[in-house]
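Work through the exercises below with the sequence and the model open side by side. Each task is followed by a solution in steps.

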Amino acid sequence: SPAPPSPLPSSPAPPSPPAVPPVPMVDGRARLSLPCFLPSFRRAPHRSLRDHLVPSHDRGRVRGPVLSHPDGSLWRLVVFPCGNANTVHAAVFLELVRPSPSVASDACTDVRVEVWLHPSDGSSDPNRCWRRHFRHAYGAAGSDWGHNDCFVLGRVLDTHVGDDGRADVTVGVSPASDGDDDPPAGPPLVGLRNQGATCYMNALLQVFYHLRSFRRAVYGLPLPDDGGGGGDGQVPQENNVGFALQGVFHRMQTGTRAASTIDLTRAFGWSRGEAFVQHDVQELSRVLLDRLEARFAKTGAPRAISDMFGGRLESYVRCRHVEYTSARVESFLDVQLDVKGVADLGTSLQKYVDAEALEGENQYDASEAGFGKQDACKGVAFEQLPPVLHVHLKRFEFDLARMAMVKVQDRFEFPTVLDMGPFLSKEGRGEQKPAPPPQAAPTKEEEEVPAAKNPREHVY
């Protein structure tokens, strides 16, 4: 009988990709350069940072290479550049890939972990690096531990992440010892000195300082002319609000003690005595932004402030029984909200946009459209939200009994995430409304109001 056919030769298995050798940890430490963001992140508002992560990231995380410790254990650093539990902090974890052979299978690996985030110029100066350390007893391989609130994004993005989106991180692992704790560490957070009654100004400056886009714009203003040309010589140095604010921000970012604001108040033209008079914080904000906008306009960036804080608000009167609506759009840089008798930010915003009934003797005159007196409702709605929504709380009101301004001490709560969707107009929500009847041509001011860039970006 014929011999049975030989089995077909099996095709060779595809070659496995070469294993990446672990990165050795010298004295238990290793420095890594981690790709976190696309270079476009520099121009992104904070709430859109996730859209500028490196695309290869696994659900927003960066997994570093395997690290080989001198004791034989293997580790891996895992970073969430835009946060894990929140979007305010970068989260950092250390994963135990393999315990040391010297550790029994039923024992824990008790270690002290250090994480250093280096400034973008590569310095290892402890006073310029952000540092966190923690102690943890790791169990089986694959377990991890770390911090959801390791680094404040607003403080590190400008100075500790390169223009290419990479971050230099040093991780150290050493045996734990008694007394190891877990304090936050990094460049010191310094406050501002109170000149007498300037606490309201200090609070405003702290808010502006922690807006990285605002801080970068201020740093970009030209310095006063030192005589060599090319500087901002149109305003004397002592009256240059932009230069004075640069100095305040620089001292807040690099100093080790509370920063002085005397140069800034002097640039405002204040006398020493005015530092003991409490001014209206919104008025101060308007003056400061107006002065800065004038400086930006002369440096080729006339919309630097409005592109950051500017939005559009629709004021309308809508008739109830006939199809007629009168509306106009205005630009705004801040929103003034009531505090007295209002529990929280959402309630105050709802009160701000609630429509007022125009009835009886207060009916709306729609004669211009041929409808005569009509019952109507009058209100406002947000048509375009700015990248940074500047909310001013009306903490002061005029007391007729005292004939003086008094502070409203009511408790007022606000959420960590604010959804402005319910307060948007139809255009703001991307909806279409019926075409309005023919009206007068828009004024030059109305024509200059910019169109909404992305009306669906309404979560802060």
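The exercises that follow concern a predicted model.

**Exercise 1. Strand β2**

Task: Sort the residues of strand β2 by face, and find the bridge partner of proline 35 in β9.

Solution.
- Step 1. Strand β2 covers residues 29-35.
- Step 2. Ala30, Leu32 and Leu34 make up the covered face, while Arg29, Arg31, Ser33 and Pro35 lie on the uncovered one.
- Step 3. The pairing of β2 with strand β9 (residues 166-175) is antiparallel and runs over 7 bridges.
- Step 4. Within β9, proline 35 is bridged to arginine 166.

**Exercise 2. An aromatic pair between strands**

Task: Classify the ring pair of phenylalanine 80 and phenylalanine 93 by its geometry, and state whether each residue is buried or exposed.

Solution.
- Step 1. There are 12 aromatic pairs in the structure. In the pair of phenylalanine 80 and phenylalanine 93, the ring centres are 6.0 Å apart and the planes meet at 85 degrees.
- Step 2. Planes over 60 degrees apart count as edge-to-face, so the pair of phenylalanine 80 and phenylalanine 93 is edge-to-face.
- Step 3. Phenylalanine 80 belongs to strand β4 (residues 74-80) and phenylalanine 93 to strand β5 (residues 89-98), so the pair ties together parts 13 residues apart in sequence.
- Step 4. Buried means under 20% relative accessible area. Phenylalanine 80, at 9%, is therefore buried, and phenylalanine 93, at 15%, is buried as well.
- Step 5. Phenylalanine 80 is also one of the contacts of arginine 61. Arginine 61 sits in the loop between β2 and β3 (62-68) and counts as buried because its relative accessibility is 18%. Leaving aside neighbours within four places in sequence, arginine 61 touches Val78, Val79 and Phe80.

**Exercise 3. A salt bridge from β3 to β5**

Task: Describe the salt bridge of arginine 63 and glutamate 95.

Solution.
- Step 1. The N to O distance between the two side chains, arginine 63 and glutamate 95, is 3.5 Å.
- Step 2. Arginine 63 is in strand β3 and glutamate 95 in strand β5, 32 residues apart, and the pair links distant parts of the chain.
- Step 3. Arginine 63 has 42% relative accessibility and so counts as partly exposed, whereas glutamate 95, at 13%, is buried.

**Exercise 4. The surroundings of arginine 215**

Task: Which residues does arginine 215 meet through a salt bridge, a salt-bridge network or a ring face?

Solution.
- Step 1. Arginine 215 and aspartate 158 meet in a salt bridge with an N to O distance of 3.3 Å.
- Step 2. Arginine 215 lies in helix α3 (residues 212-219) and aspartate 158 in helix α1 (residues 153-160), so this pair ties together parts that are 57 residues apart in sequence.
- Step 3. Arginine 215 and aspartate 158 are both buried.
- Step 4. A network of salt bridges links Asp158, Arg212, Arg215 and Arg216.
- Step 5. Arginine 215 also lies over the face of tyrosine 209, at 4.7 Å from the ring centre.
- Step 6. Tyr209 itself is part of one aromatic cluster with Phe208, Phe214, Phe249 and Phe309.

**Exercise 5. Phenylalanine 414**

Task: Where is phenylalanine 414 found, and is phenylalanine 414 buried or exposed?

Solution.
- Step 1. Phenylalanine 414 is in the loop between β20 (404-407) and α9 (444-447).
- Step 2. Its relative accessible area is 64%, so phenylalanine 414 is exposed.
- Step 3. Between phenylalanine 414 and glycine 346, which are 68 residues apart along the chain, the C-alpha separation is 7.5 Å.

Conventions. Residues are numbered from 1 along each chain as its sequence is written. This is a predicted model: local features need pLDDT of at least 70, side-chain atom pairs count only at pLDDT 80 or more; totals for chains, interfaces and linings use all residues. Side-chain values use heavy atoms; hydrogens and water are left out. Buried means under 20% relative accessible area, exposed over 50%, partly exposed in between (1.4 Å probe, protein chains only). Helices (H or I, at least four residues) and strands (E, at least two) are DSSP runs, numbered from the N terminus. Two strands pair if DSSP finds at least two bridges between them. Rings of Phe, Tyr and Trp (its six-membered ring) pair if their centres lie within 6.5 Å; planes under 30 degrees apart count as stacked, over 60 as edge-to-face and the rest as tilted. A charge sits over a ring if NZ of Lys or CZ of Arg is within 6 Å of the ring centre and within 35 degrees of the ring normal. Contact means heavy atoms within 4.5 Å. A salt bridge is a side-chain nitrogen of Lys or Arg within 4 Å of a carboxyl oxygen of Asp or Glu.
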